Amino acid sequence: VGIAFPSLEVKIIDKEGKTLSRNQVGEILIKGPSVMKGYYRRKEETEKAILDGWLHTGDLGKVDEKGYIYIIGRAKDMINVRGLNVYPKEIEELLYKHPNVKEASVVGIHHRRKGEVPLAFIVPQGEVNQRQLIKYLRVNLASYKVPLKIFFKESLPKNLTGKILKRELRKEADATLGDINGKKSF
């Protein structure tokens with residue numbers, strides 16, 4: 001996304017709040033005069049988002065040795081497959097490169113043995129099936145990043161600004177895949 005404005009400070013932290021070195025992925029924090037002071041009339045949410053003057057963006061990213069900032073995805077969207085981090089954005093970007101994929105979204109869902117697994121939701125353009133897409137993804141991704149299942153849809157749920165609503169896709173996956181061991185999963 002570029003470098004930070006001169007008036008802004010940026011740092012990347014891990015889950016414990018420790019500042020990470022260059023090129024390590026963690027949560028992006030920002031601080032400076034142009035950063036919001038808080039949410040309007042939402043004191044509790046402000047206290048969670050701004051700690052010691054640092055705005056916790058919820059974005060996962062890194063800063064390279066030249067100071068360039070890269071956004072990898074959203075912290076709440078990260079999928080943990082057997083302790084390995086899977087960033088839905090990486091899978092989505094690859095799916096968008098396929099000529100027969102119009103729209104794509106990837107979410108994580110509980111899996112009884114792997115912790116979580118990625119699932120993909122696709123709006124196709126042209127002829128494509130699950131087997132073809134899985135084969136395409138296997139060539140380009142580590143095996144643990146390949147979605148276990150691909151759902152084909154006519155459209156993906158979006159908010160008023162056109163952002164895909166992943167929470168709705170998670171609900172749909174939970175409802176479709178059933179209940180195993182008291183948890184929505186497969």
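## Ile 13, Glu 27 and a surface patch

Ile 13 is buried (under 20% relative accessible area, 1.4 Å probe, protein chains only), with a relative accessible area of 6%. The model is predicted: local features need pLDDT of at least 70, side-chain atom pairs count only at pLDDT 80 or more, and totals for chains, interfaces and linings use all residues. Residues are numbered from 1 along each chain as its sequence is written, and side-chain values use heavy atoms, leaving out hydrogens and water.

Ile 13 belongs to strand β1 (residues 9–13), strands being DSSP runs of E with at least two residues, numbered from the N terminus. Beyond four places in sequence, the contacts of Ile 13 (heavy atoms within 4.5 Å) include Leu 20, Glu 27 and His 56. His 56 is 43 residues from Ile 13 in sequence, with 9.6 Å between their C-alpha atoms.

Glu 27, in strand β2 (residues 26–31), is buried and has no salt bridge, that is, no Lys or Arg side-chain nitrogen within 4 Å of a carboxyl oxygen of Asp or Glu. The nearest side chain of opposite charge, Arg 74, is 7.0 Å away. The side chain of Glu 27 does approach two backbone nitrogens, as tabulated.

| Backbone nitrogen | Distance to a Glu 27 side-chain polar atom |
|---|---|
| Thr 57 | 3.4 Å |
| Gly 58 | 2.9 Å |

Thr 57 and Gly 58 are also among the residues that Glu 27 touches, as are Lys 11 and Leu 60.

Tyr 68 lies in the loop between β4 (54–63) and β5 (69–74). Tyr 68 counts as partly exposed because its relative accessibility is 40%, the class between 20% and 50%.

Technical notes
Helix = DSSP H or I, 4+ residues; strand = E, 2+ residues; numbered from the N terminus. Lys, Arg positive; Asp, Glu negative; His and termini not counted. Polar contact = N/O pair within 3.5 Å; in protein donor to acceptor, adjacent residues only side chain to side chain.
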